[in-house]
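Please read the following points alongside the sequence and the model. They go from overall measures to individual strands, cores and cysteines.

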Amino acid sequence: MESLFRCPICRAALDRQDNRYLCPGGHSFDRAAAGYVHLLPANKMHSKDPGDDKGMATARNRFLSGGYYQPLCDALAQLALQYTSETVSVLDSGCGEGYYSAAIYQALAQAGRKVNLAGVDLSKHALRRAAKREKAAEFAVASVYDIPVADRSADLILNCFSPLALEEFLRILKPGGVYFYVVPGEKHLWELKEILYENPYPNTEKLTPYEGFTYLEVRPVDGVIHLPDQQTISDLFQMTPYFWKTPKSGTEKLAALDSLDTAISFRIHVFRKDGMP
C-alpha cells in the first residue's frame, strides 16, 4: 500500500504492508500491535522514551475525547475542506493522540475526497491512541525536525500546538499547498491561569510572516468550557505548559477545585506555500 512515509535511513519510498514497512534497500520497520511504526533512528533519540509519557498521553486523550476542544476540531475540518481538492495528502506534525488528524481525515473522506494522511510524534504512548482512533491513517514515531516524508508530497500540513519546523514544512509541502498553524489566543484558558498565578498575563497575538509562505487568513475560535470535576481539570492542566512551571501554591489551589469554567481561544493561521501547484 502506498505510504507517505520514507525510509529514515536511505530516504527511499516505503511499502506499507500488513505488519511492517519495507523499502527497496531492504530496510524493514515493524508496525507495533497498536498500528504505528517507529521511524526515529536510535542515534537521533535523546531518551529511551521521548515525548509525552503514558500518564500525559492518557490525560490528553481523556480530555480531548470529552469534546471540550470540539470547536477547534470542527474549524480545522472545515478549513481542510475549504483549502484542499479531491485528492489530498495530509501531514499532521506533532499529531499526539490523533484527535485532530482523525477529524480532518473523516471530514475529507465523508466529502468523497481521496485522502492519504500521516501523523508524526515523539510519543509512542500518544501514537498508540492515534492509530486506534483512525485506522485508515498512518502514524510514526519521528521528530518534526527530520520528518520521514518525501519532498513536495503533502497538500496540507497541520501544526497544532507543536514545534515550528518551517524548513521541514517548506520541504514537504507541494507548491500551492497549505499550512495550518494553531496557536493560543489572547485569553486562552484565562480563568485557569488566574487560579495558577497571582499576576497572569494574556498571550500575545500577532501576525508573523514566514519566508516561502503567503498568509491567507487567521481563523478565530473562541468559547467557554465547563470542567465538571477535578479529574477533568487535572487532565487539562497536564496538557498545558503551565504544568511544568506553576508554583506549588497555584497547583494546590487548582487541586482544591471541584469544577471550573474557563475561556478557550485559538487562532488558526492559514498559509499557502509560494509557487504554482
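1. The accessible surface of the protein comes to about 13000 Å², and carbon and sulfur atoms account for 52% of that area; areas of this kind come from the Shrake-Rupley method with a 1.4 Å probe, and for residues only the protein chains shown count as cover. This is a predicted model, in which local features need pLDDT of at least 70 and side-chain atom pairs count only at pLDDT 80 or more, whereas totals for chains, interfaces and linings use all residues. Residues are numbered from 1 along each chain as its sequence is written, and side-chain values use heavy atoms, with hydrogens and water left out.

2. On overall dimensions, the C-alpha trace spans about 55 × 40 × 35 Å along its principal axes. The radius of gyration of the protein is 19 Å, which agrees with the value near 19 Å that a compact globule of 277 residues would have; the radius is taken over C-alpha atoms, and the globule rule is 2.2 Å times the number of residues to the power 0.38. Of the 277 residues, 51% are buried, where buried means under 20% relative accessible area, exposed over 50%, and partly exposed in between, with a 1.4 Å probe and protein chains only.

3. The secondary structure comes to nine helices and twelve strands, defined as DSSP runs (helices H or I, at least four residues; strands E, at least two) and numbered from the N terminus. If one takes the contacts between residues at least 6 apart in sequence, 70% join residues at least 24 apart, a contact being heavy atoms within 4.5 Å.

4. Strand E6 (residues 87–93) is largely enclosed by the rest of the structure, because six of its seven residues are buried. E6 runs parallel to E7 with seven bridges, Ser93 standing opposite Val120 in E7, and E6 also pairs with E9 in the parallel sense over three bridges, where Asp92 has Leu158 as its bridge partner. Strands count as paired if DSSP finds at least two bridges between them.

5. Strand E9 (residues 154–160) is mostly covered, with seven of its seven residues buried. E9 pairs in the parallel sense with strand E10 (residues 173–184) over six bridges, and Ile157 stands opposite Tyr179 in E10.

6. How is Gly119 placed within strand E7 (residues 114–121)? Gly119 is buried, with a relative accessible area of 0%, and beyond its neighbours within four places in sequence it is in contact with Phe5, Asp92, Cys95, Glu138, Phe139 and Ala140.

7. The largest nonpolar core has 54 residues, and Phe63, Tyr69, Leu76, Tyr100, Phe180 and Ile268 touch the most other members; such a core is a set of buried Ala, Val, Leu, Ile, Met, Phe, Trp, Tyr and Cys residues joined through side-chain atoms within 4.5 Å. Helix H2 (residues 70–83) gives the most to this core, with seven residues. A second, separate core of 29 residues includes Leu4, Tyr21, Ala165 and Tyr210.

8. On the cysteines, the disulfide count is zero under a rule that requires a pair of cysteine sulfur atoms within 2.5 Å. For Cys23, the nearest cysteine sulfur is that of Cys10, 3.7 Å away, and Cys23 counts as buried at 4% relative accessibility. For Cys73, the nearest cysteine sulfur is that of Cys160, 9.2 Å away, and Cys73 is likewise buried at 5% relative accessibility.
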